[in-house]
Amino acid sequence: MLSNKLLNSVLLSIMLTATLSAAAGRPQIVAHRGYWKAEGSAQNSIRALVKADSVGADAVELDVWISADSVLYVNHDPDFGGIVIEKSNSKVLDKLRLANGEQLPTLDSYLETAKGLRPDIVLEVKTHSDPLREDLAVAMIIDMIAEKGLTDRTSYITFSRNSFDNLVAMCGRQVQFLSATDPDMLRNIGGTGADYHISAYRANPDWIKRLHDLGLTANIWTVNSPADIQWCIEHDADYITTDEPELAMQLVDKAFAPRRMTIMTYNLRFGELADMDRLSAEIKKYDPDFVAIQEVDVNFDRAAAKLNRGLNYVNELAVRTGLFGYYGRAINVGKGYYGVGILSRYPAEKIEKFELPNPENGEQRVMLAGTFELPGHKFVFASTHFDYLDHNTRKLQAQYVVDRLTHMPYPAVLAGDFNATLGQIYIETIRSRMKDLTNNRKTWPADKPKEKIDFIFAYPPQDFELKSCTVPEPSKKSPSDHLPVISDIIVKF
């Protein structure tokens, strides 16, 4: 049986999501032709509209034709039961019945119901055989939407370039093109967004980012399977158009629910006080998602580290903890290296090492920062170890890491040994911009702690909430001269 922590990790990996629209947030769910799969419903029926509202869909998509006598009807296909809508008059069309027994709805009756409901309207103007009749349909639709007081709640979609151009010129609202078009071209012709089949986005994996970079939205249709819905969430769709609105909303809700994460920072004292088994056991017992480690040797024959001489500490700990391991060399020592590292439950998309300011040409210090892809979200985690000798060096290092991490494109956590305490300018420089995710428990030396010099910080502050912070009890038998700091946090991005 899975532990609660592991189960949560599996759910996080399966369900995590994306970022909405050109501005970031959760994707909106558009009920395709209404919630027509609900009991007593039918495609494009008023019942499907009402059911979409009842389950909380953000919007309802519908299709509109103009009849031979200039009445607007809601239907997907050009014909209903073999009767072509644009070639027939309302006397004939009003006798038609949907699968649920409803009369083929006019746009007037549909919108009259929509006025009293919550969902927005995504209205598709169908491609008519006669462009002039299509022009009339566009003008009548825009007027009717205004008469019903729904202008601010309506956006438009179409496959027809003729209708698209008319809508862009006349409606003053969002107009999305259904025909897969390069984002730059779409913006040039006046579109506010793309509404393409999921296959078009998969075939052009950079399009969603390009749309967002251009200030355009990305709507994806028709997305029904859990895997496809999840793909849309993870790829930053603004709108997911689906025949399964309840399923889509459940997946989005799970993806955007506040979720917990355990962050740990641990200075290993060069591995001089404990072997890799003991150090890894100290890490594993807290089941962390991310660990910042400092004083990390790789292939250095350190005489004082009798049990660990010549080992690659990062690899050894990664194997024993089951986490991914990443290393940042600070200096060369002997035939090996010394620096900082990261252990992570999630693979890194990118790892960068930043050399910290070193004006006195002392021991070089670094910050190792990884961009990690928690499915649907990207997140920066950084490990560092500040200078301990020179005041000005530490001051510059504090300002450097703040400037770097607060300008990252994603939320960031910084953890490490800062060789500084609360109230000192080095720590307060960081705390002025980043949120302190620790408590006031002292961390060094491990047997009789006198100072708190190990911290965990986060940016932007509003994206993180500290639930609890643990610092183990002092012990003469500690595996390091530092006590680890373990913070249980809620992330809101």
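**Close-up views of a predicted model**

A search of the whole structure finds zero disulfides, a disulfide being a pair of cysteine sulfur atoms within 2.5 Å. This is a predicted model, in which local features need pLDDT of at least 70 and side-chain atom pairs count only at pLDDT 80 or more, while totals for chains, interfaces and linings use all residues. Residues are numbered from 1 along each chain as its sequence is written, and side-chain values use heavy atoms, with hydrogens and water left out.

**View 1. Two buried cysteines, Cys171 and Cys232**. Let us start with the cysteines. In general, a disulfide is a covalent bond between the sulfur atoms of two cysteines. Cys171 has a relative accessibility of 12% and counts as buried. Cys232 is buried too, at 0%. Here, buried means under 20% relative accessible area, exposed means over 50%, and partly exposed lies in between, with a 1.4 Å probe and protein chains only.

**View 2. Helices α5 and α6 cross**. Two packed helices are described by the angle between their axes and the distance between the axes. The axes of α5 and α6 (residues 161-170) come within 10 Å and cross at roughly 35 degrees. These axes are lines fitted to C-alpha atoms, for helices over the stretch in contact, and angles run from 0 to 180 degrees between N-to-C directions. Helices (H or I, at least four residues) and strands (E, at least two) are DSSP runs, numbered from the N terminus. The crossing of α5 with α6 is right-handed; a crossing has that name if the near helix is turned clockwise from the far one by less than a right angle, and is left-handed if anticlockwise. On the α5 side, look for Pro131, Glu134, Asp135, Val138, Ala139 and Ile142, which meet Asn162, Ser163, Asn166, Leu167 and Met170 of α6. Contact means heavy atoms within 4.5 Å. By class, this meeting of α5 with α6 has six nonpolar, three polar and two charged residues. In that count, Ala, Val, Leu, Ile, Met, Phe, Trp, Tyr, Cys and Pro are nonpolar, Asp, Glu, Lys and Arg are charged, and the others, Gly among them, are polar.

**View 3. Lys148 in a loop after α5**. Lys148 sits in the loop between α5 (131-147) and β7 (154-158). Is Lys148 buried or exposed? Lys148 is buried, at 14% relative accessible area. Its side chain and that of Glu112 share a polar contact of 2.6 Å. A polar contact is a pair of N or O atoms within 3.5 Å; within protein, one must be able to donate a hydrogen and the other to accept it, and residues adjacent in sequence count only if both atoms are side-chain atoms. Beyond neighbours within four places in sequence, Lys148 touches Asp108, Leu111, Glu112 and Lys115.

**View 4. Glu124 in strand β6**. Glu124 belongs to β6 (residues 120-125) and is buried, with 6% relative accessible area. Leaving aside neighbours within four places in sequence, its contacts include Glu61, Leu62, Ile157 and Phe159.

**View 5. Leu186 in helix α7**. Helix α7 spans residues 183-188 and holds Leu186, which is buried at 0% relative accessibility. Among the contacts of Leu186, with neighbours within four places in sequence set aside, are Phe164, Phe177, Tyr196 and Leu211. Elsewhere in the chain, Arg302 is 116 residues from Leu186, and their C-alpha atoms are separated by 62 Å.

**View 6. Asp436 and its side-chain partners**. Asp436 is part of strand β20 and counts as buried, at 17% relative accessibility. Which side chains make polar contacts with the side chain of Asp436? Arg431 does so at 2.8 Å, and Thr438 at 2.6 Å. Outside four places in sequence, Asp436 is also in contact with residues including Phe455, Ile456 and Phe457. The C-alpha atoms of Asp436 and Asp447 are separated by 24 Å, with the two residues 11 apart along the chain.

**View 7. Backbone details: two cis peptide bonds and two positive phi values**. A cis peptide bond joins Trp444 and Pro445, with omega about -10 degrees; Pro445 lies in the loop between β20 (435-436) and β21 (454-459). Another cis bond links Tyr459 and Pro460, where omega is about -5 degrees, and Pro460 lies in the loop between β21 and β22 (464-470). Turning to phi, Asn361 has a positive value near 55 degrees though it is not a glycine, and this residue is exposed at 68% relative accessibility. Asn419 likewise has a positive phi, about 45 degrees, but Asn419 is buried, with a relative accessible area of 19%.
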